[in-house]
Amino acid sequence: MRDTFVKTLIELAKKDKTIELVTGDLGFGVLKSFWEQRPDQFTNAGVAEQNMTSMAAGMALEGKTVFTYSIGNFPTLRCLEQIRNDCAYHGANVKIVCVGGGFVYGSLGMSHQATEDIAIMRALPGVVVMAPADLVEAEECTKALAAYKGTAYLRLGRGGEKRIHDKIEGFQIGKAIKMYDGEKIAIFSTGAIFEEVQSAYDELKAKALDPLVYTFPTVKPIDKETIAACAEKCDYIFTVEEHNVAGGFGSAVAEVLAEMKAKKAVLVRIGMEDEYAVKVGNQKYLRKQYGIDGTAIVRKVMEAFDE
């Protein structure tokens, strides 16, 4: 995803001289092509994320479209006050990019694991929150956010994610994307965790279950129409996220369901259960340990039907 983001941003920056990329002194293996091709539109702010964010806000208020870039929690939690006061409050045209959402940097411990970022960023008024599931969604999100006027958050995986779309027609901020038609149950996910949803879908199909599956590249604004339509016809909605369930994607779906006058579906949220990851390992290992891999998704779906 990061390579796709950079490649897309280079092409956008060639056409739009107001686009700027600012890094917090990392990602050089990935960003090298950007600074070589667009050196006047690239800045290394150093290991100083608060300064990076305030500087980006100032640039944006002078007419620039600024993308800040760092890993895990560094471009979000480390400089949350600057995002809130300098960017969001002013509606500054700053796009905060996190590479390594969830457990991507799991082997480096909880300081590098982004498992509360969706909840925190979507709580900021007026901030768009996006988490693409594959390379195609990452490209479309990047294009959409470059055109969007205001503060936004883009949560990326790291690399090696499987391509799940050939192309996306009519991509829009705030719209979910249907992956599979189905009945009785719906599975919603956001971000690169979709690969686990795909694994679960294949197993559920083998068990004669036929899930309706959507990926949500936008967490905020959430696609209320899709959620409502599924809630009216399905028995269950399962949300899957590589993130804590408290305040995250599942909570965003729950808020929509809570305000519906009539619904059929019961909501089951699958994610980390209000905890920090005290175990250390790679992404696949930690997904399994915290019950958000394909096997765990199937188990939770079957448990719901057995109740």
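**Helix packing, nonpolar cores and backbone geometry**

In the contact between helix H7 and helix H11, residues Glu 196, Val 197, Ser 199, Ala 200, Glu 203 and Leu 204 of H7 meet Gly 294, Ile 297, Val 298, Val 301 and Met 302 of H11. By residue class, this contact of H7 with H11 comprises 7 nonpolar, 2 polar and 2 charged residues. The model examined here is a predicted one.

Two packed helices are described by the angle between their axes and the distance between the axes. For H7, which spans residues 194-206, and H11, which spans residues 294-306, the angle is about 50° and the axes lie 7 Å apart. An angle counts as oblique when it falls outside the ranges for roughly parallel (under 35 degrees), roughly perpendicular (65 to 115) and roughly antiparallel (over 145). H7 and H11 are therefore oblique to each other. The crossing in which H7 passes H11 is right-handed.

The nonpolar interior was considered next. The largest nonpolar core contains 62 residues, and the residues with the most contacts inside this core are Phe 5, Leu 21, Phe 34, Phe 67, Tyr 69, Leu 154 and Phe 238. Helix H6, residues 135-147, supplies the largest share of this core, with 6 residues. Another core lies apart from the largest one and has 42 residues, including Cys 87, Val 219, Ile 227 and Val 253.

Backbone geometry was then examined. Most residues other than glycine have a negative phi, and most peptide bonds are trans. Lys 184, although not a glycine, has a positive phi of about 70°. This lysine is located in the loop between strand E7 (177-180) and strand E8 (185-189). Because its relative accessibility is 48%, Lys 184 counts as partly exposed; the cut-off for exposed residues is over 50%.

A positive phi is also found at Asp 274, likewise a residue other than glycine, where the value is near 55°. Asp 274 is placed in the loop between strand E12 (266-272) and helix H10 (283-289). With a relative accessibility of 63%, Asp 274 counts as exposed.

The peptide bond from Lys 220 to Pro 221 is cis, and its omega is near 0°. Pro 221 belongs to the loop that lies between strand E10 (218-220) and helix H8 (224-233).

Key: Residues numbered from 1 in each chain as written. Predicted model: local features only at pLDDT ≥ 70, side-chain atom pairs only at ≥ 80, totals over all residues. Heavy atoms only, no water. Helix = DSSP H or I, 4+ residues; strand = E, 2+ residues; numbered from the N terminus. Buried < 20%, exposed > 50% of the residue type's maximum accessible area, 1.4 Å probe, protein only. Axes fitted to C-alpha atoms, helices over the stretch in contact; angles between N-to-C directions. Left-handed = near helix turned anticlockwise from the far one by under 90°. Contact = heavy atoms within 4.5 Å. Nonpolar A, V, L, I, M, F, W, Y, C, P; charged D, E, K, R; others polar. Core = buried A, V, L, I, M, F, W, Y, C linked by side-chain atoms within 4.5 Å.
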